[in-house]
Amino acid sequence: MRRNHEARRAALAALAARPPVSGFSTPLDYLLAEHLRHRTLCWLIDRIAESGESDEECIDAVLLFLRGDFGPHVVDEEEDLFPLLRRRAGHEDRIEEVLAGLSKEHAEDRLDATAIVEGLERQRCERSLPQTLRMLLRRFAGNERRHLIVENAIVLPLARARLTDDDLCNLGRRMAARRGVAFPENTHTHAV
Ligand SMILES: [Fe+2]
Ligand SMILES: [Fe+2]
């Protein structure tokens, strides 16, 4: 029981902690750090889905993340990382099919994320969640976990191998601008 309570606390703290602004100088590491938060999001979402009673603190943390952090991450990948990879990858990398699959999942996951936000907002003050919402939560977490495996195992390693220093600098700049923060000019993108 106590371990469960500590795991919940640690997950809430991890989800709330955005990577530091200095991380934009190594944008692939920043994306990897965001993926760790997405894993935590899945853990909390599964917990909400499995629990018979609604946990307002967990629901609020999930809502905050889905409203504020989830969208910009998908745009980082769709508008910046994937186009850069398409430009730099060779035919032998056979990445197009992988990226097309991930883009399709992005579109589906965003629809599910919107439905989850609407559903959790409606149910926030209720004692329990309806079965349809719990099924939606489980589906989203399962899909997201598979998506993260592909991005961590295939997309990020290929980006580390193919993107140039200028690419990484531009990627970090655009990610920082998307979040309205200044790009850390004094650091280098080499250490990825
Ligand atoms: Fe991602
Ligand atoms: Fe993604």
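Is His73 buried or exposed? I looked this up before anything else in this predicted model, and at a relative accessibility of 2% His73 counts as buried.

**Iron site.** I then turned to the metal, and found that the iron ion (ligand 1) is held by His35 (NE2), His73 (NE2), Glu77 (OE) and Glu151 (OE), with distances of 1.9 to 2.2 Å. Along the sequence, the spacing of these donor residues reads H-x37-H-x3-E-x73-E. I checked the short step in that pattern and noted that His73 and Glu77 are four residues apart in helix H4 (residues 70–88), so about one helical turn separates them. Glu77 is buried as well, its relative accessible area being 1%, and this residue coordinates both the iron ion (ligand 1) and the iron ion (ligand 2), which lie 3.2 Å apart. For the geometry I recorded angles of 84 to 179 degrees among the four donor atoms of the iron ion (ligand 1), and the site is classed as irregular. Because four donors count as tetrahedral only if all angles lie between 85 and 135 degrees, I did not enter the site of ligand 1 as tetrahedral, given its range of 84 to 179 degrees.

**Cavity.** My search for cavities of 30 Å³ or more returned one, and I noted a volume of about 50 Å³ for the largest cavity. Its lining includes His73, Glu77 and Glu151, and among the other lining residues are His38, His106, Asp109 and His147. Helices H4, H5 (96–123) and H6 (131–162) each give two or more residues to this lining, with H4 providing the largest share, four residues. By residue class I entered two nonpolar, four polar and four charged.

**Salt bridges.** I recorded 21 salt bridges in the structure. In one of them the side chains of Glu50 and Arg138 meet at 3.0 Å, N to O; Glu50 belongs to helix H2 (residues 27–50) and Arg138 to helix H6, so this pair ties together parts 88 residues apart in sequence. Another joins Glu121 and Arg67 at 2.7 Å, N to O, linking helix H5 with helix H3 (residues 56–68) across 54 residues. I checked the exposure of two of these partners, and both Arg138, at 29% relative accessibility, and Glu121, at 38%, count as partly exposed. Within helix H5 I found Glu108 and Lys104 four residues apart, about one turn of the helix, their closest N and O atoms being 3.1 Å apart. Glu108 is partly exposed at 37%, whereas Lys104 is exposed at 55%. My last entry is a network in which salt bridges with shared partners join Asp76, Glu79, Asp80, Arg174, Arg178 and Arg179.

Conventions: Residues are numbered from 1 along each chain as its sequence is written. Chains are lettered from A and ligands numbered from 1 in the order in which they are written. This is a predicted model: local features need pLDDT of at least 70, side-chain atom pairs count only at pLDDT 80 or more; totals for chains, interfaces and linings use all residues. Side-chain values use heavy atoms; hydrogens and water are left out. Donors are N, O and S atoms within 2.8 Å of the metal (3.2 Å for Na, K and Ca); water is not among the atoms, so sites may look incomplete. Four donors count as tetrahedral if all angles lie between 85 and 135 degrees; four count as square planar and six as octahedral if opposite donors are over 155 degrees apart and all others between 65 and 115; anything else is irregular. Buried means under 20% relative accessible area, exposed over 50%, partly exposed in between (1.4 Å probe, protein chains only). On a 1 Å grid over the protein atoms alone, a cavity is a set of points where a 1.4 Å probe fits but cannot get out, and a pocket is an open set with protein on both sides within 12 Å along at least five of seven lines; lining residues have an atom within 4 Å of a point. Grid points are joined across faces, edges and corners, and a volume is the space filled by probe spheres set on the points. Ala, Val, Leu, Ile, Met, Phe, Trp, Tyr, Cys and Pro count as nonpolar, Asp, Glu, Lys and Arg as charged, and the others, Gly among them, as polar. A salt bridge is a side-chain nitrogen of Lys or Arg within 4 Å of a carboxyl oxygen of Asp or Glu.
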